[in-house]
Amino acid sequence: MNKFKNYLAVMALATASLGAFAFEAKNPDPNKVLFANQGGTWIELEEGAQYRCEPASSLCVAQFQNDVPGQQMTYSRAGKFSR
């Protein structure tokens, strides 16, 4: 019975640690250009620019393959862009 309790404790710890990594927030790549969605137009954000993504169903900011809007997104964050 003690072995079973130890097994359950180990499995609970392993499951919790896997869950923490699975839901880790992804951050934008610091080596790529970050674009903001202003009314459906992607504008380049200057490095270090301050912005907010207010709750909304649209995309707030994104990064694109080869730093070209319209190509495959490599990062995105939902919300409404504001400064």
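## Exercises on a predicted model

Phe35, Trp42 and Phe64 form one aromatic cluster. This is a predicted model, in which local features need pLDDT of at least 70, side-chain atom pairs count only at pLDDT 80 or more, and totals for chains, interfaces and linings use all residues. Residues are numbered from 1 along each chain as its sequence is written, and side-chain values use heavy atoms, with hydrogens and water left out.

### Exercise 1: the aromatic cluster

Work out which geometry the pair of Phe35 and Phe64 has, and which strands the pair ties together.

**Step 1.** Start with the rule: rings of Phe, Tyr and Trp (its six-membered ring) pair if their centres lie within 6.5 Å; planes under 30 degrees apart count as stacked, over 60 as edge-to-face and the rest as tilted. The structure holds three aromatic pairs.

**Step 2.** Phe35 and Phe64 are 5.7 Å apart centre to centre, with 65 degrees between the planes, an edge-to-face pair. Phe35 lies in strand E1 (residues 35–38) and Phe64 in strand E3, so the pair ties together parts that are 29 residues apart in sequence. Here strands (E, at least two residues) and helices (H or I, at least four) are DSSP runs, numbered from the N terminus.

**Step 3.** Now turn to Trp42 and Phe64, which also form an edge-to-face pair, at 5.3 Å centre to centre and 80 degrees between the planes. Trp42 sits in strand E2 (residues 41–44) and Phe64 in strand E3, 22 residues apart, and the pair links these distant parts of the chain.

**Step 4.** Finish with accessibility, where buried means under 20% relative accessible area, exposed over 50%, and partly exposed in between (1.4 Å probe, protein chains only). Phe35 and Phe64 are both buried, Phe64 at 2%. Trp42, at 23%, is partly exposed.

### Exercise 2: the disulfide

Find which cysteines the disulfide joins, and decide whether it is left-handed or right-handed.

**Step 1.** Look for a pair of cysteine sulfur atoms within 2.5 Å, which defines a disulfide. A search of the whole structure gives one: Cys53 is joined to Cys60, with an S to S distance of 2.1 Å.

**Step 2.** Check the torsion about the S-S bond of Cys53 and Cys60; it is about -85 degrees, so the disulfide is left-handed.

**Step 3.** Cys53 is buried because its relative accessibility is 14%. Cys60 is buried too, with a relative accessible area of 0%.

### Exercise 3: the nonpolar core

Identify which residues make up the largest nonpolar core, and which element gives the most to it.

**Step 1.** Collect buried Ala, Val, Leu, Ile, Met, Phe, Trp, Tyr and Cys residues joined through side-chain atoms within 4.5 Å, the definition of a nonpolar core. The largest has eight residues: Leu34, Ala36, Leu45, Cys53, Cys60, Val61, Tyr75 and Phe81.

**Step 2.** Strand E3 (52–64) and strand E4 (73–82) are the elements that give two or more residues to this core. E3 gives the most, with three.

**Step 3.** For Leu34, list contacts (heavy atoms within 4.5 Å). Leaving out residues up to four places away in sequence, Leu34 touches nine listed partners, including Leu45, Val61 and Tyr75.### Exercise 4: the loop between E3 and E4

Say what sign phi has at Asn66 and at Asp67, and where these residues sit.

**Step 1.** Recall that most residues other than glycine have a negative phi.

**Step 2.** Asn66, in the loop between E3 and E4, has a positive phi of about 60 degrees although it is not a glycine. Asn66 is exposed, with a relative accessible area of 55%.

**Step 3.** Asp67 is placed in the loop between E3 and E4, and its phi is positive, near 55 degrees. Asp67 is partly exposed, at 29%.
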